[in-house]
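Grab a pencil and work through these exercises one at a time. Try each task before you peek at the solution.

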Amino acid sequence: MSDDQTRVQEFFTARAADWDSRFPDDGPAYAAAVAELGLRAGDRVLDAGCGTGRALPPLRAAVGPSGSVLGADLTPAMLREAVRAGRDRDGQLLLTDVAALPLRSRSLDAVFGAGLVSHLASPAENLRELARVVRPGGVLALFHPIGRAALAARHGRPLTPDDLRAEPNLRPLLAGSGWRMTSYVDEDTRFLALAVRED
């Protein structure tokens with residue numbers, strides 16, 4: 001395991017047990033972001049970096065019983081919390097790194113990534129891997145339940161222009177990774193960037 005993977009695991013392992021209780025009001029924001037993916041019954045979707053699986057119930061509701069929902073995370077403790085919360089009933093949980101997904105190319109219709117980009121060791125390479133597993137025309141949602149400025153304030157740090165989620169940084173990052181950004185929202189109450197998988 002790389003140093004970056006170890007750091008991510010250590011960060012989330014230390015926070016896994018009380019993760020959901022720290023953010024108890026995020027459910028509606030997750031559901032609204034999932035709705036913007038435009039999923040249909042029978043679609044196949046991945047929650048990349050699923051953590052405790054907060055997106056899995058709305059993803060399952062969107063694709064219905066005939067759809068496929070996968071939740072992938074690098075941290076065993078987060079997946080244990082997802083199981084403890086019963087969210088494994090809404091999707092299959094995979095202990096894996098989004099840098100090397102055990103999925104066939106073009107096998108998914110969409111990827112949902114909450115709080116994902118800032119934890120990617122190699123953002124361009126990792127976003128290319130997400131593009132690999134999504135069919136052309138499939139959708140990527142990069143989401144956070146609060147916007148960049150609110151998140152920076154929460155952590156007591158300034159908002160900097162080198163933030164990967166800033167639109168001038170994220171748009172070319174996605175474009176160079178096989179995605180075309182179709183919408184971008186950065187408000188106090190949410191961050192959501194949607195992109196389509198290019199051919």
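**Exercise 1.** Work out how many residues of strand β4 (residues 108-114) are buried, and which strands β4 pairs with.

*Solution.* Start with burial: seven of the seven residues in β4 are buried, meaning under 20% relative accessible area with a 1.4 Å probe, protein chains only. Strands and helices here are DSSP runs numbered from the N terminus (E, at least two residues, for strands; H or I, at least four, for helices). Now the partners, where pairing takes at least two DSSP bridges between two strands. Strand β1 (residues 44-48) runs parallel to β4 over three bridges, with L46 opposite V111. Strand β5 (residues 134-144) is also parallel to β4, over six bridges, and here F112 faces A141.

A word on the ground rules: this is a predicted model, where local features need pLDDT of at least 70 and side-chain atom pairs count only at pLDDT 80 or more, while totals for chains, interfaces and linings use all residues. Residues are numbered from 1 along each chain as its sequence is written, and side-chain values use heavy atoms, with hydrogens and water left out.

**Exercise 2.** Find the residues that touch the most other members of the largest nonpolar core, then follow L174.

*Solution.* A nonpolar core is a set of buried Ala, Val, Leu, Ile, Met, Phe, Trp, Tyr and Cys residues joined through side-chain atoms within 4.5 Å. The largest has 28 residues, and L46, L130, L140, L174 and W179 touch the most other members. Among the elements giving two or more residues to this core are β1, β4, β5 and α8 (167-175). Skip the neighbours of L174 within four places in sequence, and its contacts (heavy atoms within 4.5 Å) are L127, L140, L142, W179, M181 and A195.

**Exercise 3.** Describe the aromatic pairs that F143 makes with Y30 and with F112.

*Solution.* Rings of Phe, Tyr and Trp (its six-membered ring) pair if their centres lie within 6.5 Å; planes under 30 degrees apart are stacked, over 60 edge-to-face, the rest tilted. The whole structure has seven aromatic pairs. Y30 and F143 sit edge-to-face, 5.0 Å centre to centre with 75 degrees between the planes. Y30 is in helix α3 (residues 27-35) and F143 in β5, so this pair ties together parts 113 residues apart in sequence. Y30 has 6% relative accessibility, and F143 has 3%. Next, F112 and F143 are tilted, at 5.7 Å and 35 degrees. F112 belongs to β4, so that pair links parts 31 residues apart in sequence.

Note on methods. Buried means under 20% relative accessible area, exposed over 50%, partly exposed in between (1.4 Å probe, protein chains only).
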